[in-house]
Amino acid sequence: EKTHAMAELEDASLEWSPPAPRGGADDNIQVLVRVRPPNARELEQGYVKGVLVDGRTVEVQRKPPASYGYDHVCDEHQTQSEIFESVGVPVTDAFLEGYHGCLIAYGQTGAGKTFTMQGPSDDLDEGGTGGTASLASLDSTSARDGAESAESAEDPEAQGLIPRVLQRIFQRVEDEKAGVGVPEGEPAP
């Protein structure tokens, strides 16, 4: 015999609706997958692309093929600026509204974590790996060859998430001090 609670649970499961669109301060965790371009060594060894990006899906080219969905999927052609607009701006703006925010890079060595978080590094060791993303409390290194090596650390377009987030925070503070963006009728801080 069904209890009243079981009947309510059953009724609730029949009223399922798709989740609301993601983005902004209302979300707890989002995942961005970035597919990096092949490096020079991979190209020399006859690189064959193993994944395809289709919207918010990564398709792994194997037998049988597999597809995985994420909140954001960026292929090897997306710029640092586009990555920042996808995840950096919403997290930073939510932080400035008083919410906690965190951007974490996770992946195997050489996957491009340091490049994504910091941008290119001019102080490489002999092995061609970058340093540690200490500002984000990350312990990671990444290979910097292929498309990434052509970009300079001084190139503003190549900046990673950390410098862009910090610039946005400090620009917002300066704007508020100057009264820019303060709603009418409210005093500037």
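Guide: Helices here are DSSP runs of at least four residues, and strands are runs of at least two. One more thing before we start: the model is predicted.

Visitor: Okay, so what makes 32–34 a strand and 113–118 a helix?

Guide: Strand E1 covers 32–34 and helix H4 covers 113–118. A strand needs at least two residues and a helix at least four, so both runs qualify. E1, H4, strand E3 (57–60) and helix H3 (80–96) each put at least two residues into the lining of the largest pocket, and H3 gives the most, with 5.

Visitor: What is the volume of that pocket, and which residues sit closest to its centre?

Guide: The volume is about 1,400 Å³. Of the 48 lining residues, Val31, Leu32, Val33, Ile104 and Ala105 are the closest to the centre.

Visitor: How many of the lining residues are nonpolar, and why does Gly not count among them?

Guide: The lining has 28 nonpolar, 14 polar and 6 charged residues. Gly is put with the polar ones by definition, so any Gly in a lining goes into that group.

Visitor: How do you know that E3 and E4 pair?

Guide: Pairing takes at least two bridges, so the 4 antiparallel bridges between E3 and E4 settle the matter. Thr57 stands opposite Gly69 in E4.

Visitor: And why are E2 and E4 called edge strands?

Guide: The open sheet of 3 strands runs E2-E3-E4, with antiparallel pairing. E2 (51–54) and E4 (66–69) each pair on one side only, which makes them the edges. Neighbouring strands in this sheet are turned by 25° against each other on average, direction ignored.

Note on methods
Residues numbered from 1 in each chain as written. Predicted model: local features only at pLDDT ≥ 70, side-chain atom pairs only at ≥ 80, totals over all residues. Heavy atoms only, no water. 1 Å grid on protein atoms, 1.4 Å probe; cavity = no way out; pocket = protein on both sides within 12 Å on 5 of 7 lines; lining within 4 Å. Points joined across faces, edges and corners; volume = space filled by probe spheres on them. Axes fitted to C-alpha atoms, helices over the stretch in contact; angles between N-to-C directions.
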